[in-house]
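Colleague: I've got the file open and want to go through the labels with you. Can you justify them one by one?

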Amino acid sequence: TAVPKEGYKFVRWEGTVNSTDISIQYNMETAGNFTAIFAEATVEDISIVINEINYNSSPERDTKDWVELVNNGVSTVDLNGWLLSDSGPDSGYFFLEGTKLVPGQYLVVCKNLDDFRDFNPGVTNSIGDMPFGLSSNGDMLRLYDDQSNVMDAVDYYVYNPWPENANGTGASIELKDPSLD
């Protein structure tokens, strides 16, 4: 799997296998030559998406609120200075230096990291603690980059067309596919 450095995107493999797939498979019992080709990323190559939201856990599995992000783009993104907010571009959860997402990688931002990890010990790419909670009556979420540009936005509700069974049951709401709106 080719992993682009921040500011770059994967273009293709050259050598024994020529492919534009970011991950390739090869039988290492025979010699091979592989070169990953990268290019500078553009603004269009960056896509961090709010993928899943847990806004009202069940009492039996109270992970507290959390939001899952996914890098749906083709470039590694440094989230340092980015903001996840439910109130606007001046307050919320500010991402710290060193918080990077490679293409296809997920990150869970938790209201209470300890509570989340108590019920999800296998989810290691999780951070916290969000200084705000999500309303069980619906809420808005905005993801801002380090220049205060809105990178993604979700307004969720507790009635149709949103799943009503996510409110207090332990279920979350998520995109069917991170590439969809």
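Colleague: What makes β11 and β12 a pair of strands?

Modeller: Six bridges join them, and they run antiparallel. Two strands pair if DSSP finds at least two bridges between them, so β11 and β12 count as paired with their six. Within this pairing, Asp139 stands opposite Tyr156 in β12. Strands here are DSSP runs of E, at least two residues, and helices are runs of H or I, at least four, all numbered from the N terminus.

Colleague: And where do these numbers come from?

Modeller: It's a predicted model, so local features need pLDDT of at least 70 and side-chain atom pairs count only at pLDDT 80 or more, while totals for chains, interfaces and linings use all residues. Residues are numbered from 1 along each chain as its sequence is written, and side-chain values use heavy atoms, with hydrogens and water left out.

Colleague: Why are β7 and β12 said to stand at the edges?

Modeller: The open sheet has four strands in the order β7-β6-β11-β12, with antiparallel pairing. β7 (93-94) and β12 each have a single partner strand, so one side of each has no neighbour in the sheet.

Colleague: Why is the pair of Tyr93 and Phe95 called edge-to-face?

Modeller: Rings of Phe, Tyr and Trp (its six-membered ring) pair if their centres lie within 6.5 Å; planes under 30 degrees apart are stacked, over 60 edge-to-face, and the rest tilted. For Tyr93 and Phe95 the centres are 5.2 Å apart and the planes at 85°, so edge-to-face it is. Both Tyr93 and Phe95 are buried, where buried means under 20% relative accessible area, exposed over 50%, and partly exposed in between (1.4 Å probe, protein chains only). The structure holds seven aromatic pairs, and ring pairs also link Phe10, Trp13 and Phe38 into a cluster.

Colleague: How do you know whether Lys64 is buried, partly exposed or exposed?

Modeller: Its relative accessible area is 30%, which falls between the two cut-offs, so Lys64 is partly exposed. Lys64 lies in the loop between β3 (48-54) and β4 (66-71), and has a positive phi of about 65° although it isn't a glycine.

Colleague: What about Ser148, and why does it get the label it has?

Modeller: Ser148 comes in at 47%, under the line for exposed, so it counts as partly exposed. Ser148 sits in the loop between β11 and β12, and its phi, near 65°, is positive in a residue other than glycine.

Colleague: Which residues does a cis peptide bond join in the loop regions, say at Pro161?

Modeller: Asn160 and Pro161, with omega about 15°; Pro161 is in the loop between β12 (150-156) and β13 (173-174).
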